[in-house]
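Reader: Mind walking me through this one? I'd like the numbers along with the cut-offs behind them.

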Amino acid sequence: MGGGDGANTQERWARLRFAVVGPLLASPPPPGQLGAELRRLAQREWEHPTRGGPVRFSVSTVERWYYQARSARNDPVGALKRRPRADAGRERSISALLMEALRDQYRAHPSWSAQLHHENLAARVEADPALGPMPSYATLTRAMRNRGLVRKRRRRRRGDGDTAPASTREVLSYEVSRSHALWHTDFHHGKRRVLIPSGEWKTPILLGFLDDHSRLGCHLQWYLAETAEVFVHGLCQAFMKRGLPRALMSDNGSPMLAGEVQEGLHRLGIVHARTLSRAPHMNGKCEVWWALVEGRLMAMLESVEPLTLRRLNDATISWLEQDYHRRVHRELDVTPHRRLSESADASRPCPDSAELRDAFRIARGRTVRRSDATVSVGGVRYQLPAPWRHLREVRVRYARWDLSAVDLVDDRSGERMCTLYPLDKRANASAVRRRTGGAEEDDNGEGAAPPLAAALRGHAHPPDPAGGRGAGGARRRVDRDAPAHFHGVRLPRHPERGARRRRPPAGQTAERRASAHRLAHPPAPDPHPGGTGGPGEAARSPAARGRQPRAHDRGAEGHARRAQRGQPQDPGDPGRRAAGGGRGAEPRGAGREAVHRDRRARRPRPQGAPVKGFPTLSPAGLEVRPPAQRWLVESLWSEQGVGIVGGEPKCGKSFLALDLAVAVAAGVPCLRRYRPGGRGAVLLFAAEDAGHIVRARLEGIAGAADTAFEALNIAVIDVPTLRLDHRADRQRLLHTVERVQPRLLVLDPLVRLHGVDENAAGEIAPILGFLREIQRRHDTAVVLVHHARKGGAARPGQALRGSSELHAWGDSNLYLRRRRKRILLTAEHRAAPGRNDIAIELTDDGKGLALRLSQAGDDEPIGHDPEERLLEVLAKADTPLSLRQLRERAALRTATVGAAVRALRSQRRIQRAPQGGYRLAGEAAGTANGEALPESVTGPKP
């Protein structure tokens with residue numbers, strides 16, 4: 001009994017105990033023989049349910065198990081389970097104060113590990129013993145995991161032990177002493193086909209259940225498949241007809257060994273006895289029964305045409321109840337009905353259909369996806385209810401053929417807690433979201449640290465210099481009611497917007513209004529003496545600030561002249577009155593001018609040297625580089641160029657990148673032909689290959705290039721992972737490049753170097769920009785190995801997986817494509833002509849495995865475009881070719897050939913021959929020795 005069936009420890013112990021005492025329940029011993037049977041079972045060796053190996057049990061233990069199972073008639077397996085402890089799930093060694101301190105510590109630092117929490121909590125306990133005794137690390141970790149405070153996955157796996165093969169035994173006939181103590185079951189493939197509603201003829205499969213003692217046919221039904229779902233359906237039909245048997249014997253077919261069947265039989269307390277391999281005689285009673293079905297039932301249906309599945313099942317049930325059960329059995333010399341009524345009955349009542357459906361389900365553990373609290377079962381995602389969102393692993397029970405709902409069960413007791421339903425994405429699109437109420441949230445704590453919180457409170461409520469409702473309080477009210485701010489400076493309110501003070505009586509003079517304003521609002525200290533006022537001060541007139549206009553107030557004299565002449569203060573605002581007949585207010589133009597002056601006064605001025613522009617050069621002053629210094633590797637890679645080595649999987653991308661590295665490090669020709677522009681150090685990181693694989697490849701390439709492997713100037717980065725989207729890894733890579741000063745940097749492959757979306761240009765562009773920065777700062781060429789998507793594209797660069805930024809980024813790109821048995825290399829450069837269809841191959845000449853150039857065969861078309869391939873095939877043909885011949889010679893699909901032919905005909909590059917078939921445009925009709933070819937040669941017209 002291993003752990004591969006998904007059962008926990010309690011279930012495996014219950015199944016072992018039931019296997020020990022199950023035969024006693026199926027065939028109770030005669031009076032006085034129970035002790036002998038118990039002693040015989042105690043002398044046997046059993047396999048330990050958890051750790052494996054032989055184990056024995058005492059007579060008293062077996063006797064206790066027997067009476068426990070016999071007293072529980074409906075669930076003997078459940079009665080044999082180990083009872084869980086009453087204090088399971090409780091941490092008695094952790095006091096309430098200590099647990100509250102742990103919660104506070106987790107709220108403050110949710111990213112800490114369990115070890116860090118344990119050490120800091122131990123320091124707090126040492127400083128304050130009133131918190132209680134300090135628990136162990138294991139107890140603390142368990143408590144945090146049970147409360148959803150940690151995310152640590154630990155899974156223990158057990159494998160099934162090896163079982164010894166059964167030895168050869170003698171063959172003896174057998175029969176149990178009571179009816180329904182043992183059932184036989186098997187599938188039988190019929191000898192005649194039936195017509196199904198779709199109009200097809202199918203071979204039916206008969207599933208039957210036969211009682212061993214009475215030979216009663218418990219159930220017979222024809223199906224169209226032999227699956228676990230079919231077996232469970234027929235078994236439940238038999239249970240509801242005859243009750244639950246004590247044991248069930250079957251062969252080792254996959255439907256009988258399915259997890260749902262095994263789980264259901266154990267939950268219903270039925271011993272599953274299986275026949276040995278190569279011993280069909282153990283279930284011979286079913287084989288005799290099938291012979292009777294074919295000899296009598298199917299023989300009587302010979303004239304029925306057509307025979308449908310429904311009609312066959314109706315005839316089978318009628319024959320079973322009216323003929324087979326009423327005929328005298330040849331071996332028993334009595335009818336099955338009479339044998340059943342005269343014998344002792346060992347059956348048990350059958351539960352209802354819902355309980356049967358729940359019994360035949362498998363229980364499996366599933367990991368909860370923390371992002372949306374869902375679990376996946378059979379490719380279907382199920383939403384976890386809110387009370388169980390914090391769980392890391394859950395246990396679900398389901399049937400693999402019915403995933404409309406699964407049950408969430410308790411791992412200890414096995415009882416159902418709730419039903420999970422598939423994730424409804426359309427309902428989730430309503431944008432209604434609940435608060436999760438997780439442990440990370442702190443409803444009572446403040447969001448910021450105390451110093452910052454105090455600073456924020458001081459900024460929101462500055463102190464009042466006057467100690468009361470003076471000018472400072474009025475300024476705070478104005479600032480609090482202001483609708484807009486710009487860098488902390490309050491913008492002036494529009495004269496026609498906002499609330500105004502009540503207009504005074506018409507006979508009140510300007511001095512009286514100014515005196516009343518000064519009494520209500522004493523003047524505040526001027527923060528800018530001798531210059532422009534502070535925020536809000538420059539936007540008000542001197543009279544509004546509670547003092548008389550002075551000589552240094554800009555615009556004060558003009559305001560006084562306008563007031564004396566009785567003119568409006570703002571010509572653009574006819575609704576304003578003069579100073580002698582209305583409210584004293586400053587014109588809007590003056591207010592805006594004052595605000596602008598105040599902004600200029602508060603804008604920080606740059607410190608140090610003044611800002612300078614970018615340096616520029618004329619075209620004649622740009623760098624001149626000789627042609628010999630333009631190549632890192634001649635015709636393959638430009639000097640200090642960045643680019644991609646891309647291609648389909650398993651076409652030699654890594655070998656080509658390592659060949660470039662050996663060529664630069666040792667100064668030897670790449671692919672034994674393309675010379676490098678010089679020698680230099682190489683920095684390499686291989687994310688997918690282990691160290692010994694990289695060493696073996698480099699040794700093979702060095703051997704093929706006739707250079708010393710030990711003298712290669714290649715520095716291999718020895719870390720498990722390198723993430724270019726992490727700032728720390730980028731800094732470490734920059735320091736490594738500065739230390740090594742490589743001439744070439746090789747990163748293989750791109751997909752293992754980041755965790756962003758390659759299809760999003762905004763996410764992949766920063767990574768490519770960082771590599772370009774390395775190239776410009778350190779004069780280093782960068783080779784990035786990348787994969788191509790499935791299907792490819794007309795241009796190799798457009799076939800690269802991800803955003804088009806990858807194709808546009810490269811200065812030199814190398815693409816590998818596999819065409820039949822050959823690998824074709826294409827070189828693409830930003831500032832140089834490219835190379836197309838260079839045939840290479842991966843060979844081992846005795847010195848090591850490496851790439852080398854190969855000669856392209858004439859029998860294989862080189863072009864990869866369908867239209868170009870058809871043109872090459874037609875150019876090599878002497879006669880017109882039909883569509884079938886074009887498809888076979890070009891190795892293309894029929895739809896592709898048809899589309900390419902239509903395109904070429906519209907371009908007038910090919911034409912239809914009079915005798916049939918296609919040829920190049922402008923050629924004479926296909927002939928053979930001056931005679932027109934028959935249609936049998938050229939093929940029929942499409």
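Reader: Take contacts in the protein chain between residues at least 6 apart in sequence: what percentage join residues at least 24 apart?
Author: Heads-up: this is a predicted model, where local features need pLDDT of at least 70 and side-chain atom pairs count only at pLDDT 80 or more, while totals for chains, interfaces and linings use all residues. Residues are numbered from 1 along each chain as its sequence is written, and side-chain values use heavy atoms, leaving out hydrogens and water. Contact here means heavy atoms within 4.5 Å. With the separation of at least 6 applied, the part joining residues at least 24 apart is 62%.

Reader: And how much of the protein chain counts as buried?
Author: Buried means under 20% relative accessible area, exposed is over 50%, and partly exposed sits in between (1.4 Å probe, protein chains only). The chain has 942 residues, and the buried portion is 42%.

Reader: How many helices and strands are there?
Author: Both are DSSP runs numbered from the N terminus: helices are H or I with at least four residues, strands are E with at least two. On that basis, the protein chain comes to 28 helices and 32 strands.

Reader: In the open sheet of 5 strands, which strands stand at the edges?
Author: Two strands pair if DSSP finds at least two bridges between them. The pairing in this sheet is mixed, and the order is S7-S6-S3-S8-S9. An edge strand has a single partner, so one side is left without a neighbour in the sheet; that goes for S7 (217–223) and S9 (271–274).

Reader: Is S7 largely enclosed or left open by the rest of the structure?
Author: Go by the accessibility of its residues: 7 of the 7 in S7 are buried. The strand is therefore largely enclosed.

Reader: Which residue in the turn between S6 and S7 has a positive phi?
Author: S6 (205–211) and S7 run antiparallel, joined by 6 bridges. Gly208 is bridged to Leu220, and Leu210 to Gly217. The two strands form a hairpin with 5 residues between them, and the turn residue with phi of about 60° is Arg215.

Reader: At what angle to S7 does helix H11 run?
Author: Axes are lines fitted to C-alpha atoms, for helices over the stretch in contact, and angles run from 0 to 180 degrees between N-to-C directions. H11 (309–324) lies across S6 and S7, and its angle to S7 is about 165°.

Reader: Which peptide bond in the loop between H10 and H11 is cis?
Author: Most peptide bonds are trans. The loop between H10 (284–300) and H11 holds Pro306. With omega of about -10°, the cis bond is the one joining Glu305 and Pro306.

Reader: His180 has a positive phi: is this residue buried or exposed?
Author: Phi of His180 is near 60°, and the residue lies in the loop between H7 (137–146) and S3 (183–189). Its relative accessibility is 4%, so His180 counts as buried.

Reader: And Asp706, buried or exposed?
Author: Asp706 also has a positive phi, about 55°, and sits in the loop between H21 (691–704) and S22. With a relative accessible area of 59%, Asp706 is exposed.

Reader: What is the average twist in the open sheet of 9 strands?
Author: The order is S22-S21-S23-S24-S20-S25-S26-S27-S28, with mixed pairing. S22 (714–716) and S28 (849–853) stand at the edges. From one strand to the next, the twist averages 25°.

Reader: Which helix gives the largest share of the largest nonpolar core?
Author: A nonpolar core is a set of buried Ala, Val, Leu, Ile, Met, Phe, Trp, Tyr and Cys residues joined through side-chain atoms within 4.5 Å. This one has 47 residues, and those with the most contacts inside it include Val633, Trp637 and Leu660. Among the residues Val633 touches are Leu660 and Val664. The largest share, 11 residues, comes from helix H20 (653–666).

Reader: How far apart are the C-alpha atoms of Arg909 and Leu920?
Author: Arg909 lies in the loop between H27 (894–906) and S29 (910–912) and is partly exposed at 33% relative accessible area. Leu920 is one of the residues Arg909 touches. They are 11 residues apart along the chain, and their C-alpha separation is 6.2 Å.

Methods:
Lists of a residue's contacts leave out its neighbours within four places in sequence.
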